[in-house]
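Work through the exercises below with the sequence and the structure in view. Each task is followed by a solution in steps.

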Amino acid sequence: MEAGNSIKNGRIANTIIMPVIGIVVLAVLFVFAMLVWSSRLTDEAAVSSERMLLNESIQLQLDQIAKQQEGAAVWDDAFFRAERGLENRDWLRHHVSAWLAEGYGHSRSLILDSDRNVLVAFDRSGEASWVSEALLNALKGPIARVRARYINSFVLTPSGTYKFQPVYRNYHHSLFETGLVRIESAPYYFTVTAIAPDLHTIGSDREPPSVVISFVPMNSLSLGRLAEMSGLSSITATQPANVRPGMADVVLKDPNNASVIRLNWEPKRPGTDMLNRILPVMVILALAVAVLTAVLLNYARQSTRKLATSEAKAVYASQHDSLTGLPNRDFFNDLLKQSLASIDEDRGLTAVVYIDLDHFKDINDTLGHAAGDEVLRAVTARLRAIVPPTGTVARISGDEFAMVLNQCSSRALIEYQLSRVQDELIRPVKVAGTELFVSLSMGAAVAPMDGSGAGELLRKADIALYDAKANGRGRWSFFDPSMEEYVQTRDNIARELRRAIDNDALAVAYQPQMSSKTGKITAIETLVRWTHPERGPISPANFVPIAEETGLINDLGLWVLRRACRDAHLWPDVMISVNISPTQFRHPRFIDQLIETLASYDLPPSRLEIEVTESVFAGKDMAVLNVMKRLRELGIKIALDDFGSGYSSLSYLRRFPFDILKIDRDFILPAGDSPQAQAILRTIIDLGEALDMTVVAEGIETQEQMEFLTSIGCERLQGYYISRPGPAQEIAPVIAGSGFGDQFKIVTEQLRAG
Ligand code: C2E
Ligand code: MG
Ligand code: MG
């Protein structure tokens with residue numbers, strides 16, 4: 001059972017605990033992963049908004065530069081002078097470029113005429129050849145857009161002239177484009193602005209404008225301002241290819257999408273910050289979940305273990321007998337079926353044995369149930385010691401056990417096992433300080449000879465047990481088909497007896513009892529008779545036990561009682577005696593039925609005698625005593641039949657109020673010649689006198705027996721010598737003629753001979 005439990009628990013652990021642990025671990029990991037992921041997302045969102053902020057700040061700076069250009073570019077003087085080109089170069093250099101450099105720090109600038117020829121290439125530090133082909137190439141796009149926008153700003157008026165009517169951005173009053181470029185590998189902000197008249201009215205035809213382009217270096221100063229505007233901490237610039245790990249960055253491009261510079265800054269990491277704050281709490285929570293899960297799982301494991309244990313206990317209890325711990329009837333049947341199912345030819349014989357303790361009832365009744373239990377336990381221990389490991393022993397009911405002996409090579413081996421069982425019980429059982437000798441009867445059926453089904457083998461073992469008991473107990477019988485015939489016959493007889501009772505097909509014979517003092521018939525015993533239609537007359541010694549076994553005895557006894565009460569009116573002066581079987585005597589309605597019968601036949605109870613044998617005392621002393629007292633109160637006499645044939649404990653006589661003692665025929669038989677038998681008879685008669693009981697001798701067959709019993713004072717005499725039992729009409733003359741010498745003798749002689 002233990003091993004089974006741990007396997008079961010192991011399975012529970014695998015099927016419940018492991019998945020639960022798995023789920024909890026996964027859930028915790030998932031929560032952590034989600035946290036890390038969302039903190040990353042938050043960090044990334046923060047960086048991209050910082051990047052946007054930075055871009056907007058750069059745009060603001062560029063817008064500012066463009067705004068500063070407005071003063072020099074949107075100006076009639078500049079417009080006209082630029083139109084006229086080369087001759088005004090110096091003027092333009094001085095009034096536009098130098099002015100922008102001084103006023104706003106546009107350290108370099110270019111002025112192009114409407115054909116995109118360079119009019120002025122200004123550098124505050126005097127550098128002459130800073131304008132490269134690559135630079136002009138990079139600026140091509142913004143210049144083209146400014147020129148296009150400028151041309152598109154002319155609106156044709158109804159008078160056929162063009163009016164310059166540009167659409168400006170926001171608060172600007174110039175047409176410009178902005179961006180970043182590299183000049184001599186340094187980053188510069190640039191703005192391209194169309195040079196336009198400040199009056200907004202241009203009389204001439206539409207023409208591309210001249211443009212002024214300002215370059216402002218992106219140096220630490222402007223980066224500082226950028227950082228201030230965007231609220232980013234310390235922006236640094238690196239070469240575009242130079243990535244700084246752990247820093248947020250943005251690569252700024254020129255109009256041709258070539259990298260100009262990489263700006264780096266320390267990003268804010270709100271997600272990481274949040275994670276750092278939440279993480280300790282989460283770890284504590286995870287630990288708490290782990291602990292809680294462990295506690296719950298442990299609890300679940302404990303309770304499943306308890307459940308498994310109690311289930312196993314319940315199963316065990318349902319299969320075993322609590323007193324002896326042996327398998328019970330149902331479980332035995334299962335085990336038997338199993339071992340029969342696994343039978344194969346080579347494995348030999350399987351014996352099913354029923355075991356019944358002889359006279360166990362007596363032990364229970366005389367020594368009490370505790371002693372009875374003790375005996376059962378002792379017998380169990382001895383049976384267990386004998387049954388081989390392949391066999392089974394079980395307790396079927398009260399004092400009934402059963403065994404299965406498997407794999408027996410021969411019947412001799414089975415017999416050997418049974419003899420060992422008997423031998424084990426030769427040693428007395430010590431119970432409550434006394435040594436008890438217990439014997440048992442056994443009935444065996446053997447597979448495959450006697451059958452292969454559990455039911456069939458059990459039934460046959462039971463029949464064999466019955467045979468063993470019927471043949472004197474303390475022995476064993478093997479099932480034999482003839483026994484089954486007996487059982488069948490018994491069942492047939494029972495069926496036919498039932499029919500005979502119902503059809504009034506039984507009869508009674510009366511046997512007179514004569515007073516040894518007067519020679520008169522003072523009582524007659526009623527004896528049931530049954531003549532079977534085919535089998536002929538059957539002795540009550542045969543069919544009464546069958547009636548007992550099959551539950552017919554009550555109806556049978558009642559039938560005889562009625563007949564006796566009816567016929568008793570034929571002989572008003574004699575007592576009528578009826579045999580009552582123990583089962584009938586203990587029937588709960590016995591007294592009521594008796595009273596009803598007496599009343600319905602109008603027979604005074606004082607004329608009735610009831611004969612019971614000692615076996616009536618098997619158990620239930622008090623109940624028997626109560627019935628006897630009731631009978632006494634009614635005035636009915638009670639006789640102890642067949643005294644001396646059974647246990648004949650004298651204590652019965654003292655404890656129970658018998659009126660009559662009927663000495664068993666076995667004592668009468670040798671009364672004619674055996675001095676010992678005569679001595680015993682004298683003792684019994686003295687005992688009867690001492691206890692104030694009428695003593696009846698039955699089975700008197702000879703004159704010597706009658707004379708001896710008369711001589712020692714036996715009060716009533718019964719037997720073939722006086723009269724055989726006979727039907728009422730045959731007995732009537734015996735009664736009528738009794739006590740009248742020869743006449744009586746003639747009649748009785750006829751009957752004796754009959
Ligand atoms: P029992 O009550 O001891 O009856 C006496 C038996 O001895 C009767 O046998 C009777 O015929 C027989 N008997 C009488 N005198 C002599 C004799 O001189 N020599 C010999 N050898 N036998 C003699 P029966 O009628 O065969 O009855 C046998 C037993 O059957 C009875 O023994 C009684 O125990 C039982 N029995 C008979 N009738 C009834 C009945 O109506 N109810 C019950 N419960 N049992 C009955
Ligand atoms: Mg009798
Ligand atoms: Mg008798």
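A donor here is an N, O or S atom within 2.8 Å of the metal, and water is not among the atoms, so sites may look incomplete. The model is predicted.

**Exercise 1.** Find the donor residues of the magnesium ion (ligand 3) and state how they are spaced in sequence.

Solution.
- Step 1: The residues that coordinate this ion are Asp641 (OD), Asp642 (OD) and Glu698 (OE), at 2.0 to 2.4 Å.
- Step 2: Written as a sequence pattern, the donor residues of the magnesium ion (ligand 3) read D-D-x55-E.
- Step 3: Aspartate 641 belongs to strand S23, while glutamate 698 sits in the loop between strand S25 (694-697) and helix H21 (703-711); the pair is 57 residues apart and links distant parts of the chain.

**Exercise 2.** Decide whether aspartate 641 is buried or exposed, and do the same for glutamate 698.

Solution.
- Step 1: The cut-off for buried is a relative accessible area under 20%.
- Step 2: Aspartate 641 has a relative accessible area of 7%, so it is buried.
- Step 3: Glutamate 698 has 12%, so it is buried.

**Exercise 3.** Describe how the magnesium ion (ligand 2) is held, and which residue bridges it to the magnesium ion (ligand 3).

Solution.
- Step 1: Glu525 (OE), Asn579 (OD1), Glu611 (OE) and Asp641 (OD) coordinate the magnesium ion (ligand 2), at 2.0 to 2.2 Å.
- Step 2: The spacing of these donor residues in sequence is E-x53-N-x31-E-x29-D.
- Step 3: Glutamate 525 is part of strand S19 (residues 521-532) and aspartate 641 of strand S23 (residues 637-643), so this pair ties together parts 116 residues apart in sequence.
- Step 4: The bridging residue is aspartate 641, and the two magnesium ions lie 3.9 Å apart.

**Exercise 4.** Work out why the chain is described as more spread out than a compact globule.

Solution.
- Step 1: The chain contains 23 helices and 26 strands.
- Step 2: Its radius of gyration is 65 Å, well over the 27 Å that the globule rule gives for 754 residues, so the chain is more spread out than a compact globule.
- Step 3: The C-alpha trace spans about 200 × 60 × 50 Å along its principal axes.
- Step 4: Of the 754 residues, 46% are buried.

**Exercise 5.** State how many positive and negative side chains the chain has, and where the centres of the two sets lie relative to each other.

Solution.
- Step 1: There are 76 positive and 90 negative side chains.
- Step 2: The centres of the two sets are 7 Å apart.

How values were computed
Residues numbered from 1 in each chain as written. Chains lettered and ligands numbered in written order. Predicted model: local features only at pLDDT ≥ 70, side-chain atom pairs only at ≥ 80, totals over all residues. Heavy atoms only, no water. Helix = DSSP H or I, 4+ residues; strand = E, 2+ residues; numbered from the N terminus. Rg over C-alpha atoms; globule rule 2.2 N^0.38 Å. Buried < 20%, exposed > 50% of the residue type's maximum accessible area, 1.4 Å probe, protein only. Lys, Arg positive; Asp, Glu negative; His and termini not counted. Charge placed at Lys NZ, Arg CZ, Asp CG, Glu CD. Donors = N, O, S within 2.8 Å, 3.2 Å for Na, K, Ca; no water.
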